[in-house]
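Subject: Handing over a model, with notes

Hi,

Here is the structure I promised to pass on to you. Have a look at it first, and then read my notes below.

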Amino acid sequence: MGMSEFYGPGDEAESVATIHRAVDLGCTFLDTADMYGPFTNERLVGKAVAGRRDEVVLATKFGNERREDGSYVRVNGRPEYVLAACDASLSRLGVDHIDLYYQHRVDLDVPIEDTVGAMASLVQAGKVRHIGLSEASAQTIRRANAVYPITALQSEYSLFTRDVEAEILPTLRELGIGFVAYSPLGRGFLTGAFKSAGDIPAGDSRAIGRFPRFSGDNFDRNLALVGAVEQLAVAKGCTPGQLALAWVLARGEDIVPIPGTKRRTYLEENLAAADVKLTDEDIAWLDENVPPASGDRYADMRTVNR
């Protein structure tokens, strides 16, 4: 996402090189969405995987409907839109099938059974291999899975964001559904990169109120939590970001974090988190000293299905 929008300007050449380096290092799960850009990120990913399609598991999403000019339309789960959005994504990606196709947000005006029925027809047509949901409630997941097997749920999960642990993760494990954790670095906060609100570049969506955790008193309270992460990271001989990723990786083999980055340097740093081993004592210390972050995840939480 960050390669195309929200986190400052992108660099296409470096972005493509970063994706190539990821695949070379064995990081083969690539996750995009039609709304990133909008539309430009799928084209970027398509360019990067050209000639290497068989080496990657390619995931994209539909449902946050936007226009070419970037304006937002609505959350759309209508069956006819599902089919059209898939064809458009296939064209932009330059591939003949999508490995994992998610509904990006749940359309509360369309029965989930209707949306998933359309997604299932894409599997039957050979355009999609597996289907997923994003930011769906436990009840919605159960209803969807009754129509067609859901392979994965993608929702935010990190040291800062743990609400999925109460009901959603147990539901997924009961049903045999994998979990894809987005923003496992707390949108960069957990890396220790921001020491004051002024460190966030102008024009970055984190600086303009889209994410309340980066604003006002929330910023100061959350910065104190990052201090605890930094303390343990020093003891473990790793970076704060690597420690945060190691925590997510330690939550279960059914959980796959997708840290976003625009540069090869940070990609390689993130992948090295797989070598950071946390003890039960480390995890207990983090649970005690790093409670969930202050502030809502989004300024507008209405599209999060809970």
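A word on terms before the notes: on a 1 Å grid over the protein atoms alone, a cavity is a set of points where a 1.4 Å probe fits but cannot get out, while a pocket is an open set with protein on both sides within 12 Å along at least five of seven lines; lining residues have an atom within 4 Å of a point. Grid points are joined across faces, edges and corners, and a volume is the space filled by probe spheres set on the points.

Please keep in mind that this is a predicted model, in which local features need pLDDT of at least 70 and side-chain atom pairs count only at pLDDT 80 or more, whereas totals for chains, interfaces and linings use all residues. Residues are numbered from 1 along each chain as its sequence is written, and side-chain values use heavy atoms, with hydrogens and water left out.

**The cavity**

By the rule above, there is one cavity of 30 Å³ or more. The largest cavity holds about 60 Å³ of space. Its lining is made up of Glu156, Phe160, Gly186, Arg187, Phe189, Phe211, Arg213, Phe214 and Arg297. Sorted by class, that lining has four nonpolar, one polar and four charged residues (Ala, Val, Leu, Ile, Met, Phe, Trp, Tyr, Cys and Pro count as nonpolar, Asp, Glu, Lys and Arg as charged, and the others, Gly among them, as polar).

Arg187, one of the lining residues, deserves a second look. It lies in the loop between β8 and α7 (helices, H or I with at least four residues, and strands, E with at least two, are DSSP runs numbered from the N terminus). Arg187 has a positive phi of about 55° although it is not a glycine. Arg187 is also buried, at 8% relative accessible area (buried means under 20%, exposed over 50%, and partly exposed in between, with a 1.4 Å probe and protein chains only).

Ser183 belongs to the loop between β8 and α7 (216-236) as well. Which residues does Ser183 contact, leaving aside its neighbours within four places in sequence? They are Glu156, Tyr157 and Ser158, where contact means heavy atoms within 4.5 Å. Ser183 counts as buried because its relative accessible area is 12%.

**The second largest pocket**

This pocket has a volume of about 200 Å³. Two elements, β5 (98-103) and β8 (178-182), give two or more residues each to its lining. The largest share, three residues, comes from β8. The full lining is Phe29, Val57, Asp99, Leu100, His130, Thr151, Ala152, Gly178, Phe179, Val180, Asp254 and Val256. By class, that is seven nonpolar, three polar and two charged residues.

**The core**

Phe179 appears again in the largest nonpolar core: of its 89 residues, Tyr157 and Phe179 touch the most other members. Helix α7 gives the most to this core, with seven residues. A nonpolar core here is a set of buried Ala, Val, Leu, Ile, Met, Phe, Trp, Tyr and Cys residues joined through side-chain atoms within 4.5 Å.

**Backbone details**

The loop between β1 (29-31) and α2 (40-49) contains Pro38, and the peptide bond from Gly37 to Pro38 is cis, with omega near -5°. Phe39 lies in the loop between β1 and α2 too, and has a positive phi of about 75° although it is not a glycine. Is Phe39 buried or exposed? Phe39 is buried, with a relative accessible area of 11%.

Strands β3 (residues 64-66) and β4 (residues 72-75) run antiparallel and are joined by three bridges; two strands pair if DSSP finds at least two bridges between them. Glu65 has Arg74 as its bridge partner in β4. The two strands form a hairpin with five residues between them, and Gly70 in the turn has a positive phi of about 95°.

**Before β1**

Thr28 sits in the loop between α1 (12-24) and β1. Thr28 is partly exposed, at 29% relative accessibility. Not counting residues up to four places away in sequence, Thr28 touches Glu55, Val56 and Val57. One of these, Val57, also lines the second largest pocket.

Happy browsing, and do write back with any questions.

Best wishes
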